[in-house]
Amino acid sequence: MAISSIESVLQQMRAISQATQAGERSSAASGSEAVGGGFAGELKKSLDRISDAQQQASSQAQAFELGKPGVALNDVMVDMQKAGIGFQMGLQVRNKVVAAYQEIMNMQA
């Protein structure tokens, strides 16, 4: 990879970081407004989906424990597994992003 392409990637990362920081400031002021497109937006959507799956599985497990009708054990178990797999996937993506960032930061100029 040429130095110019690495510098281009770094500039894009800085622009995304600045856009994300500006978006965080505006979303903090306007409530739960969605973050724009790009990597940061997709990452936020993915994290929201993982969080929603975990909350749904937890509430369904609680409903089953309380004996609410219409909640089957197999549905609870499947939802718990889906939430666990989603969390593990998110964790692996985070690990890959951190490893890529560290590799870029350790490159010689």
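1. Let's start with M89, which sits in helix 3 of this predicted model. M89 is partly exposed, at a relative accessible area of 47%. M89 also belongs to a nonpolar patch on the surface, together with I16, F39, L43, L47, V93 and V97. Taken together, these residues show about 600 Å² of accessible area. If you look for the patch on screen, note that helix 2 (39-65) and helix 3 (73-105) each contribute at least two residues to it.

2. A word on the overall fold, to place that patch. The protein contains three helices and zero strands, and reading along the sequence gives the pattern α-α-α. Of its 109 residues, 13% count as buried. The accessible surface amounts to about 8,500 Å², and carbon and sulfur atoms hold 58% of that. Among contacts with a separation of 6 or more, 44% join residues 24 or more positions apart.

3. Next, the geometry of helix 3. How far apart are the end C-alpha atoms of helix 3? They are 48 Å apart, and at 1.5 Å a residue the 33 residues of this helix should span 48 Å, so the two values agree. Helix 2 can be checked in the same manner: helix 2 has 27 residues and reaches 39 Å from its first C-alpha to its last, close to the 39 Å expected.

4. Which residues of helix 3 are buried? They are V76, D79, A83 and G86, and the buried residues of this helix pack against helix 2. On the side of helix 2, the buried residues are A40, G41, I50, A57, Q60, A61 and A63. Both lists are handy to colour when you view the two helices together.

5. D79 deserves a pause. This residue lies in helix 3 and has a relative accessible area of 18%; the cut-off for buried is under 20%, so D79 counts as buried. Despite being buried, D79 has no salt bridge. The nearest side chain of opposite charge belongs to K82, 4.5 Å away; a salt bridge here requires a nitrogen-to-oxygen distance within 4 Å, so the pair does not qualify.

6. What does D79 touch, leaving aside residues up to four places away in sequence? The contacts are Q56, A57 and Q60. Of these, A57 and Q60 are among the buried residues of helix 2. Another buried residue of helix 2, A61, is 18 residues from D79 in sequence, and their C-alpha atoms are 8.8 Å apart in space.

7. Q60 gives the view from the other helix. Q60 is found in helix 2 and, at 18% relative accessibility, counts as buried. Again leaving out residues up to four places away in sequence, Q60 touches V71, D75, V76 and D79. Two of those names, V76 and D79, appear among the buried residues of helix 3. Following Q60 and D79 together is therefore a good way to see helix 3 packing against helix 2 at its buried residues.

8. Now the charged pairs. How many salt bridges does the structure hold? There are two. One joins the side chains of K45 and E42, at 3.4 Å from N to O. K45 and E42 are three residues apart in helix 2, which means that about one helical turn separates them. K45 is partly exposed at 41% relative accessibility, and E42 is also partly exposed, with a relative accessible area of 42%.

9. The other salt bridge links the side chains of K44 and D48, at 3.3 Å from N to O. Here the partners are four residues apart in helix 2, so about one helical turn lies between them. K44 has a relative accessible area of 36% and is partly exposed. D48, at 35% relative accessibility, counts as partly exposed too. When you compare the acids, set D48, which has a salt bridge, beside D79, which is buried and has none.

10. One last detail for the backbone. Just after helix 2, G67 adopts a positive phi of about 80°.

Terms used
Residues are numbered from 1 along each chain as its sequence is written. This is a predicted model: local features need pLDDT of at least 70, side-chain atom pairs count only at pLDDT 80 or more; totals for chains, interfaces and linings use all residues. Side-chain values use heavy atoms; hydrogens and water are left out. Patches are made of residues with over 30% relative accessible area and no salt bridge: like charges are joined within 9 Å, nonpolar side chains (Val, Leu, Ile, Met, Phe, Trp, Tyr) within 5 Å. Accessible areas come from the Shrake-Rupley method with a 1.4 Å probe; for residues, only the protein chains shown count as cover. Buried means under 20% relative accessible area, exposed over 50%, partly exposed in between (1.4 Å probe, protein chains only). The expected span of a helix is 1.5 Å times one less than its number of residues. Contact means heavy atoms within 4.5 Å. Lys and Arg count as positive and Asp and Glu as negative; His and the chain ends are not counted.
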